[in-house]
Amino acid sequence: MKESDRYIKIVVWSDEDGCFVGSCPGIIDSCCHGDDEIQVYTELCQIVNEWVETIKNDGKPLPSPTVSRNLASKLLNVS
C-alpha cells in the first residue's frame, strides 16, 4: 500500500463547472477536472502521490489518513 492510498479521493460532477472535479480532503482541494470521470480520478491519484512525496521531502508530517477513519461510510450515511 502506498502512503497516498491512505487518503480518500473524491470525484464529483460539478454543474457549475460542467465537468467532473477531483479533490482529496486533507491533502488538496479541487485540483483537477475533465469530462471523463475515470481520467479525472487517474489524474487525481497522480496529484495526491506527488503531494505526499512533496510533503515528505519537505520534512513535514503527513496529514492524518482519511481512509482508516471510515470516511467513505460516513459520506454514504449522509447522502
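# Close-up views

**Figure 1. Glycine 22 sits opposite cysteine 32 of β3.** We're looking at a predicted model: local features require pLDDT of at least 70, side-chain atom pairs count only at pLDDT 80 or more, and totals for chains, interfaces and linings use all residues. Numbering starts from 1 along each chain as its sequence is written, and side-chain values use heavy atoms, with hydrogens and water left out. Strands β2 (residues 19-24) and β3 (residues 28-34) run antiparallel and are joined by four bridges. Another of the partners across these strands is glycine 34 in β3, the bridge partner of phenylalanine 20. Three residues lie between the strands of this hairpin, and glycine 26 there takes a positive phi near 90°. Secondary structure comes from DSSP runs, numbered from the N terminus: H or I over at least four residues for a helix, E over at least two for a strand. Two strands count as paired if DSSP finds at least two bridges between them.

**Figure 2. Three strands make an open sheet, and helix α1 packs on it.** The strand order is β1-β2-β3, and the pairing is antiparallel. At the edges are β1 (10-14) and β3, each of which pairs on one side only. Ignoring direction, neighbouring strands are turned by 30° against each other on average. Helix α1 (residues 37-57) touches β1, β2 and β3, and its direction makes about 145° with that of β3. For the angles, axes are lines fitted to C-alpha atoms (for helices, over the stretch in contact), and values run from 0 to 180 degrees between N-to-C directions. Zooming out for a moment, the chain has two helices and three strands, following the pattern β-β-β-α-α along the sequence.

**Figure 3. The largest nonpolar core takes in 12 residues.** Its members are Tyr7, Val11, Phe20, Cys24, Ile27, Ile28, Cys32, Val40, Leu44, Ile47, Val48 and Val52. At least two of these residues come from each of β2, β3 and α1, and α1 gives the most, with five. Such a core is a set of buried Ala, Val, Leu, Ile, Met, Phe, Trp, Tyr and Cys residues joined through side-chain atoms within 4.5 Å. Buried here means under 20% relative accessible area, exposed means over 50%, and partly exposed is in between (1.4 Å probe, protein chains only). Across the 79 residues of the chain, 30% are buried. Core member valine 40 is in contact (heavy atoms within 4.5 Å) with Val11, Phe20, Val21, Gly22, Cys32, His33 and Gly34, leaving aside neighbours within four places in sequence.

**Figure 4. Cysteines 24 and 32 are buried, and the structure has zero disulfides.** A disulfide would need two cysteine sulfur atoms within 2.5 Å. Cysteine 24 has its closest cysteine sulfur in cysteine 31, 7.9 Å away, which is too far for a bond. For cysteine 32, the closest cysteine sulfur is also in cysteine 31, at 4.1 Å, and that's too far as well. Cysteine 24 counts as buried because its relative accessibility is 0%; cysteine 32 makes the cut at 3%.

**Figure 5. Tryptophan 13 and phenylalanine 20 form an edge-to-face aromatic pair.** The structure holds one aromatic pair, and here it is: 5.0 Å centre to centre, with 80° between the planes. Rings of Phe, Tyr and Trp (its six-membered ring) pair if their centres lie within 6.5 Å, with planes under 30 degrees apart called stacked, over 60 edge-to-face and the rest tilted. Phenylalanine 20 is buried, at 17% relative accessible area, whereas tryptophan 13 is partly exposed at 45%.

**Figure 6. Tyrosine 41 belongs to helix α1 and touches Lys9 and Val11.** Those contacts don't count residues up to four places away in sequence. At 39% relative accessibility, tyrosine 41 is partly exposed. From tyrosine 41 to phenylalanine 20 the C-alpha to C-alpha distance is 9.1 Å, across 21 residues in sequence.

**Figure 7. Serine 14 is part of strand β1.** Serine 14 counts as buried because its relative accessibility is 13%. With neighbours within four places in sequence set aside, serine 14 is in contact with Cys19 and Val21.
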